Every structure is written in structure tokens, then in C-alpha cells.
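Here are a few exercises to work through with the model open in your viewer. Try each one yourself before you read the solution.

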Amino acid sequence: MNIQEYFARISYNESHKDADLQTLTVIFQHHIWAIPFENLSMHCGETIELDLEATYNKIVRKKRGGWCLETNHLLFWALQELGFDVCILGGNSYEPAERAYAAEMNHILLKVVIKGNSYIVDAGFGGPYQSWQPLILISGKDQPQTPGIFRFMEDNGTWYLEKVKRKHYIPAESEPATGAPETGNIRKIYTFTLEPRHINDFQELNTYLQVSPDNILQKKSICTLQIPEGIYSLVGWTFTKVKYKYMEDMDLVQITTLTDEEVEKTLKDKFGVVLENKLAPVNVRGLPPNLVDMI
């Protein structure tokens, strides 16, 4: 593993001699614009190993993406290599269908300290809840970014991340969104504490997500990528493109249903992903079929 190969993977060729906020921000943005959030391995017969070298080979050399356990682990390694003060944290994601946070830790995120300020850096949530810049860890402060306004709230040592939702404009020629959208203006994302974690703390979770039939990652093949104007998302056979800030406080959403052949071509053309094994797309009925219904 070497940092220059990682930089080539994320198309980063700027200076990195200073472990400062500007360098962190630019590397983070290159990372999320190059590396998709995806769970395709489990839908094409591959086992996901929670091992740094395996993750590096998959994402850097095979030009794949990964889920939070992989993409944030790789980013953790890169930031350590560059001299950043970084540690791993564990989070519990919000489950809209249950209207509650997960009972067990099911997400990995990073905390970076620069000049006495703590920032949350998370390249592994994907979709419309992916921040595009490090978020300073201050309770109650609105932090506007291109994807929307993010905010932390803290209560007795537990931190909560939420996002202010925007409206969607879906053109008439686009396929309509289905399902019942969440009500309210605020979307809860996850909760976490500042207890430092080790990657081995997530080994059990990594195994569980690959064998449990009840989690959403088993019920949906997902690939999402942040792009400079918004998001690409492929859930099962449904391809969604979101353009942020198409109009004031409104995002443009375009939805199309693909054939099996178009799924393979879209993965290559839009996400830069070429799979070694045949993908079996999946999108279990009764769950939101596309990105919009998860917003």
C-alpha cells in the first residue's frame, strides 16, 4: 500500500505537506467523488473482509467502492499516513421505518482534530446524507453545504447528526417516486459518542451484515456516488440522478428503470465500477425502491 497510489485513485495531485483543514477538505472531497458507497460484493458472490490490505486492493487497485466499514477504514489509513490526528468512532444509524436509532452500533465514522478543533469526517454514509466537507463538532450549529444544512446536537455525551431536508422537483418524463416520504423538515441520520474505536470492534458487524436476511443491505443492491453537481444512485434496477439546488431550496430528481444489461453498463459508465462476478440486482418490494424515497 502506498499513498501515491491512493492519490491516483482519487485523482488528487495537490500539496499534502500540511495536515490542515484545507488539505483534509480537498482530500475528503476527492475521496467521495471517486469512491462509490456500494454493497455489490454481497450481491455477486463475494465475501467482504474487514482487513486494510483487502480493502485497499478492492478500492484502490480494482477501482471498486465499499460500504462505510471499508471506505472510512481506507480514509482513516490515508489520513494517518499524512500525519492527521484521526480516530475511529462508532455510530447508530436512524431507521425511519422504526422511527428510532439502531439498538446496536452499525456505522463507522472518523474524528479528526486540527488546532484544537474536532471535525467529523464520514465518507461512508452515501446518498443524500453524505456531507461534502468535514463537520466541526459543535452542538446546535447549522453547517450549510451543497447537499444541505447539517447540524449536530449533543445530549449528555451522546451526539446526534441531522440534516435539513430540501424539496424535490421530479420532471413529468421521469418515473414517479413511490412509497410514503418521511414527514417533517429534519432528517435524523445517526447518533454516536466520542469513545475511540478500533476496526476490530466492527468485525462482528461486518459478518452480520453479510449473513442477516433482515438488514436493508441484503434486501437492496446499492451503488451511490457523489458527483460535483449532486448524486448518482443505483438501487436494484432503479437509476436516480439528483442535481442539488436546481431551484431555490429544491433539488432536481430524475428516475429511470434499467434492464440487466443497462445495469452493468451504468455501473461502468456512471460509477467506474466493473465487477469480476455477475451481479444479481435486488430491490425487495415493500421497501423504498429508489434514492428519493430514502430522503
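**Exercise 1.** Along strand E7 (residues 142–145), which side chains point to one face and which to the other, and which are buried?

*Solution.* Keep in mind that this is a predicted model. Start with the background: in a regular strand the side chains alternate between the two faces of the sheet. Now walk along E7: Gln143 and Gln145 share a face and are buried. Asp142 and Pro144 point to the other face and are not buried.

Next, look for the neighbour. E7 pairs with strand E8 (residues 148–155) in the antiparallel sense, over four bridges. One residue you've already met turns up here: Gln143 has Phe150 in E8 as its bridge partner. Finally, check the link, which is a hairpin that takes E7 to E8 through two residues.

**Exercise 2.** Work out the strand order of the six-stranded open sheet, and find which strands stand at its edges.

*Solution.* Read the order off as E1-E12-E13-E14-E15-E10, with mixed pairing. Then go to the ends: E1 (37–38) and E10 (167–169) each have a single partner strand, so one side of each has no neighbour in the sheet.

Now zoom in on one pair. E12 (residues 222–227) and E13 (residues 230–235) run antiparallel and are held in register by six bridges. For example, Leu225 has Tyr232 in E13 as its bridge partner. Last, see what packs on the sheet: helix H7 (residues 260–271) touches E12, E13, E14 (238–247) and E15 (250–257), and its direction makes about 155° with that of E13.

**Exercise 3.** Describe how helices H2 and H4 pack, from geometry down to residues.

*Solution.* Geometry comes first. H2 (residues 21–34) and H4 (residues 68–81) pack at about 145°, with axes 12 Å apart, and H2 passes H4 in a right-handed crossing. Then the residues: Leu24, Phe28 and His31 from H2 meet Thr71, Leu74, Leu75 and Leu79 from H4. Sort them by type and you get five nonpolar, two polar and no charged.

**Exercise 4.** How many disulfides does the whole structure hold, and why is Cys87 not in one?

*Solution.* A search of the whole structure turns up zero. Take Cys44 as a test: the nearest cysteine sulfur, in Cys223, is 11 Å away, while the cut-off is 2.5 Å. For Cys87, the closest cysteine sulfur is in Cys68 at 16 Å, so a bond is ruled out by distance. Are the two cysteines buried or exposed? Cys44 counts as buried at 6% relative accessibility, and Cys87 is buried at 18%.

Note on methods. Residues numbered from 1 in each chain as written. Predicted model: local features only at pLDDT ≥ 70, side-chain atom pairs only at ≥ 80, totals over all residues. Heavy atoms only, no water. Buried < 20%, exposed > 50% of the residue type's maximum accessible area, 1.4 Å probe, protein only. Pairing = 2+ DSSP bridges. Contact = heavy atoms within 4.5 Å. Axes fitted to C-alpha atoms, helices over the stretch in contact; angles between N-to-C directions. Left-handed = near helix turned anticlockwise from the far one by under 90°. Nonpolar A, V, L, I, M, F, W, Y, C, P; charged D, E, K, R; others polar.
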